[in-house]
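Here are a few exercises to work through with the structure open. Try each task before you read its solution.

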Amino acid sequence: MSRGPLPLPLRPPHAWGPSLSAAGSSPRHSAARSAALSVVLATVLVALAAVGPAPALAQIPSKFENLKVLPKDIARDSLAAVMRGFAFGLGVRCQFCHAGEEGQPFSEWKFQSDEKATKRKARFMLQMVNYLNEERLPGLMAAADAPREDPPVRITCRTCHHGVPVPRSLDELLALTAHDAGTDSAVAEYGHLRERYYGDGAYDFGEGTLIALARRLLADHDAPGAVRFLELNLESFPESVSTYFALAKVQEARGDTARAITALEKAAALHPEPGLAEAIEREAQKLKGSGG
Ligand code: HEC
Ligand code: HEC
């Protein structure tokens, strides 16, 4: 189980508590590291308190009326940490789940109310995450007859949500929009999401995403949409051989052999490996022969 002769300091097995774990922290084995981590965390929290909307968490009640999953006697600081974990995990603010308004003092919020569906869903999610961490994953070692990661990886809200409320992949999200509202809407949505989320890990804006989207659109009989997104991908990744390959495939599927060949030739020109260039050339010849 353990990684070797590291002098591990003893720590209580659930030092941070099963429910707190849902907020996204996992204990480390090294005392030095964890001390360093606390300093970093404290610094970050202070920094956040300084620049953030200063939500006077001191104003939240210290006795809670409607906890069904978290311990009823949980300390206020711990509850606040769990709630910040939720907000961070989903990239939202308190009012996403709670009845209250930005700017209104927390003392006037109805935190105990379950009126928002998002809160009720979050409670279910918390139970699910606790179940996975506390009951399901501990069985991994026995079931697989192999040790777990050390320290074990804990699931948090962010593991799935990556800072967005609905954890869909970007290609799936855009395919749904394209299907329901058309290519223009999907292209516009891509632009907005890129502006809002680029670089923070919520969505994958890498080379492969729009190619995966094109594949989905082609399967949905939307070859023009697929072409549009592949061309958009080339704006960000002008040297993407895989995009030209995908473009060739889509053009071939819609019967435009000339454009398919052009795309293959672009791919060949970009790729320095001679073997590949020849394979592409052969493919182009085949297309020429069949398409005319
Ligand atoms: C993603 C949804 C979500 C977000 C965001 C969220 N909460 Fe909560 N909150 C919950 C859930 C779910 C519970 C109830 C947990 C339970 O039943 O054990 C809760 C409970 C509480 C309670 C206890 C209420 C009571 O009396 O029972 C307080 C106080 C609270 N949250 C404050 C906050 C604050 C402050 C924020 C913003 C920093 C916040 N929450 C953000 C979902 C959320
Ligand atoms: C194993 C992956 C996973 C984890 C971990 C997870 N969620 Fe979710 N969550 C989902 C999925 C999937 C959905 C969408 C469910 C559906 O199909 O409606 C979702 C939906 C939600 C929603 C509804 C969002 C909306 O806009 O309707 C909330 C709120 C939520 N999760 C809160 C949480 C919180 C809080 C945590 C951490 C305690 C968490 N989730 C952990 C997978 C996860």
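**Exercise 1.** Find which helix gives the largest share of the shell around ligand 1.

*Solution.* Start with the helices, which are DSSP runs of H or I with at least four residues, numbered from the N terminus. α2 and α3 each bring at least two residues to this shell. The largest share, six residues, comes from α2. Next, look at who sits nearest: of the 27 residues around the ligand (C-beta atom, placed from the backbone, within 6 Å of it), these are Asn66, Met83, Cys94, Cys97 and Ala122.

A word on the model: it is predicted, so local features need pLDDT of at least 70 and side-chain atom pairs pLDDT 80 or more, while totals for chains, interfaces and linings use all residues. Residues are numbered from 1 along each chain as its sequence is written, and chains are lettered from A and ligands numbered from 1 in the order written.

**Exercise 2.** Work out which residues come nearest to ligand 2, and which elements give two or more residues to its shell.

*Solution.* Of 18 residues around ligand 2, the nearest are Ala122, Met125, Cys157, Cys160 and Pro165. The elements are α2 (76-90), α3 (117-136) and α5 (157-161). α3 gives the largest share, six residues.

**Exercise 3.** Check whether the span of helix α9 agrees with its number of residues.

*Solution.* Take 1.5 Å times one less than the number of residues. For the 14 residues of α9 (223-236) that should be 20 Å, and the end C-alpha atoms are 20 Å apart, so the two agree.
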